[in-house]
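Subject: Structure handover and notes

Dear colleague,

Please find below the sequence and structure that I am handing over to you. My notes on what was found follow directly after.

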Amino acid sequence: MDNLINSVLEVSQYVFDRKLVSGKAGNISGRIKYNGKDIIAITPTLISLNRLKYEDIVLVDIEGNFIGDGISNKKPSSELFMHLNIYKKRNDINGIVHTHSPYVTGFSFSDKKLKRMEGFGKIENEFLKEIPYKKPGSEELAIHVASAIGNEDVLILKKHGVIALGKTIEEAGDLAEFVEETSKIQFISNILNGF
Ligand SMILES: [Zn+2]
């Protein structure tokens, strides 16, 4: 459990330092199996990922019920059910990073698609998958994400941001950074070459 919470804390700091999140935006979770049951550690709502302490991380089961020894009295991220729905669909995923990183989010507010670029996993589709805008934190968004996720490891939320998935929390953090960097490259090359 300690390792899980520490990984959430480390990746939270990492994505903040890399400027993938700012203010109180973004949320991160990780999952472990314990006695055959899922335990999910998730960042709390309304606290900057730059200022999280061990006791701020919220532990829940796969249905969102609080568990553990009451370490945290914080409220989980408003996107908790989006994270839980992904874990329910994907047994191979144990880390989720959601950000509003600037270049990806900029693209999400346009009609330009983001290409999958070399450097992180196999390229199976030319473009990153997108889902239409649904209110952040809503049940509708959680349902749409679950039905769209398939085998994707990145999902663009139109007019909102991006979700990156990994076998570990660290891998999800690296992928969130990679997607932001490749979006920046696409933005620059589009400017230079004309959209
Ligand atoms: Zn968001």
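His98 in strand E4 (95-99) stands opposite Ile163 in strand E7 (residues 161-166), where helices (H or I, at least four residues) and strands (E, at least two) are DSSP runs numbered from the N terminus. E4 and E7 run antiparallel and are joined by 5 bridges, two strands being counted as paired if DSSP finds at least two bridges between them. Please keep in mind that this is a predicted model, in which local features need pLDDT of at least 70 and side-chain atom pairs count only at pLDDT 80 or more, while totals for chains, interfaces and linings use all residues. Residues are numbered from 1 along each chain as its sequence is written.

E4 is mostly covered, with 5 of its 5 residues buried; here a residue is buried if 20 or more other C-beta atoms lie within 10 Å of its own, exposed if 12 or fewer, and partly exposed in between, with C-beta atoms placed from the backbone. Both faces of the strand are covered, since Gly95, Val97 and Thr99 on one side and Ile96 and His98 on the other are all buried.

E4 is also joined to strand E1 (27-34), by 4 bridges and in the antiparallel sense. Gly30 has Gly95 as its bridge partner in E4, and Ala41 as its bridge partner in E2. The pairing of E1 with strand E2 (37-42) is antiparallel and extends over 6 bridges. The hairpin of these two strands has 2 residues between them, and Asn35 takes a positive phi near 50° there. E2 in turn pairs with strand E3 (58-60) in the antiparallel sense, over 3 bridges, and within this pairing Ile40 stands opposite Val60 in E3.

Which elements do the buried residues of H1 pack against? They pack against E1, E2, E4 and helix H5 (169-193), where two residues are in contact if their C-beta atoms, placed from the backbone, lie within 7 Å. The buried residues of helix H1 (2-17) are Leu4, Ile5, Ser7, Val8, Leu9, Val11, Ser12 and Val15. As for the length of H1, its 16 residues should span 22 Å at 1.5 Å a residue, and the end C-alpha atoms are 22 Å apart, which agrees; the expected span of a helix is 1.5 Å times one less than its number of residues.

Some backbone angles in the loops also deserve a mention. Most residues other than glycine have a negative phi, and most peptide bonds are trans. Lys19, however, has a positive phi of about 65° although it is not a glycine, and this residue follows H1, in the loop between H1 and E1. Lys19 counts as exposed because it has 12 C-beta neighbours inside 10 Å. Leu46, which lies in the loop between E2 and E3, likewise is not a glycine and has a positive phi, of about 60°. Is Leu46 buried or exposed? With 9 C-beta neighbours inside 10 Å, Leu46 counts as exposed.

Finally, Glu63 lies in the loop between E3 and helix H2 (80-89), and is exposed because 9 other C-beta atoms are within 10 Å. The C-alpha atoms of Glu63 and Val97 are separated by 19 Å, the two residues being 34 residues apart along the chain.

With best regards
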